Amino acid sequence: MSSPPDDTRLVLEAPAKINLYLEVAGRRPDGFHELVTVLQTIDLADRVEVSMRPRRASVPPGAPDVAFTLERDAPSGDDPPAGDASPSGDASVVPADADNLVVRAAVAWLTAADLVDRTGVDLVLRKRIPAGAGLGGGSSDAATVLLALDRLRTAAGVDGPGPDLQPLAAALGSDVPFFLVGGTALCTGRGEHVVPIAEPEPFDLLLAFPGFPVPTPAVYGALDAPALPAQHARDLPARISAWADRLAGADVARLDALYRNDLEDPARRVRSELVDLLSAPDIHLSGSGSTLFLYGSQPPSPRSACRHASMRFVRHRSRKR
Ligand code: C5P
């Protein structure tokens with residue numbers, strides 16, 4: 001027997017992404033990098049439970065009432081490890097407190113909805129996506145919280161539309177707006193301008209987490225990109241429309257041919273282990289790393305560096321919008 005619908009609680013999956021293509025067009029005056037990147041959601045996912053409830057009287061006036069529990073799956077034979085929570089300050093640490101992007105997302109939504117003084121939120125996050133891995137786990141978790149609160153808003157007495165989620169997402173991080181949409185999308189700007197595009201055929205891929213994280217700011221810092229050329233903005237509309245049909249119905253051979261990632265070289269400079277691991281032409285890097293992927297379901301050849309490093313490739317699948 002199914003339980004009755006509950007309009008105060010939602011349990012949603014927050015999928016990981018890979019970058020099918022990532023081109024850095026140049027460095028911007030604000031220090032960010034202008035991108036042309038194609039993102040694709042995949043079936044590896046965190047689980048986010050979001051409950052809306054009245055604000056507790058014990059919370060100091062003016063402070064948002066967001067309670068957060070971080071859960072970890074016991075590592076199974078098939079999953080990459082979730083980030084370690086030791087307080088070492090490295091990129092694999094998933095914050096278990098108000099620094100976590102899920103809490104920041106809930107606070108941003110409550111503030112924009114003008115509900116801080118009457119509504120509280122409970123969040124339970126079960127991590128499966130490794131952190132510092134270029135898979136967008138934290139960004140996806142944050143977007144999923146925004147989507148859940150939007151869907152639960154009538155429980156907080158919001159009639160009609162709630163706050164616009166796009167600017168809230170963009171303020172939380174460059175990849176967060178993509179996860180409001182998911183599937184296959186072309187992302188430009190610092191990543192926050194999202195254009196959904198025709199999806200490739202559903203495809204298999206093999207994913208390997210090399211056991212160390214790579215901090216995204218360090219990779220961009222090692223890039224030494226030239227300043228953004230003036231013609232970029234002029235050329236962009238034509239490039240967006242070209243991408244709009246390039247991927248439609250593509251198979252893995254086509255995806256492999258379209259792959260490019262300008263963050264591979266700086267990631268190698270940040271973690272020298274990646275030089276060997278990325279030496280096989282069919283092994284790709286997702287975003288700023290450290291996750292490696294291959295299209296299809298054939299494991300890397302026995303001669304590849306990944307075999308020597310006894311990397312465990314786990315089979316995954318693309319996930320549609
Ligand atoms: O936006 P987000 O918090 O994901 O970015 C993390 C860091 O990555 C930024 O502080 C910046 O150093 C770098 N970054 C960048 N250009 C982008 C996206 C991120 O330089 N388009």
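**Exercise 1. Find the polar contacts of the ligand.**

Let's start at Ser174: one of its polar side-chain atoms lies 2.6 Å from an oxygen atom of the ligand. This counts as a polar contact, a pair of N or O atoms within 3.5 Å. The model is predicted, with local features needing pLDDT of at least 70 and side-chain atom pairs pLDDT 80 or more, while totals for chains, interfaces and linings use all residues. Residues are numbered from 1 along each chain as its sequence is written, and side-chain values use heavy atoms, leaving out hydrogens and water.

Next, turn to the backbone. A backbone N or O atom of His33 lies 2.7 Å from a ligand nitrogen atom, and one of Arg190 lies 3.0 Å from a nitrogen atom of the ligand.

**Exercise 2. Work out how much of the ligand the protein buries.**

Taken alone, the ligand exposes 450 Å² (Shrake-Rupley method, 1.4 Å probe). The protein buries 71% of that area.

**Exercise 3. Describe the shell around the ligand.**

Step one is the list: Gly31, Phe32, His33, Leu35, Gly173, Ser174, Arg190, Thr216, Pro217 and Tyr220 surround the ligand, each with a heavy atom within 4 Å of it.

Step two sorts these residues into 4 nonpolar, 5 polar and 1 charged, with Gly counted as polar and Tyr and Pro as nonpolar.

Step three asks where they come from. Strand β2 (33–54) and helix α5 (216–221) each give two or more residues; these are DSSP runs, at least two residues for strands (E) and at least four for helices (H or I). The largest share, 3 residues, belongs to α5.

How values were computed
A polar contact is a pair of N or O atoms within 3.5 Å; within protein, one must be able to donate a hydrogen and the other to accept it, and residues adjacent in sequence count only if both atoms are side-chain atoms.
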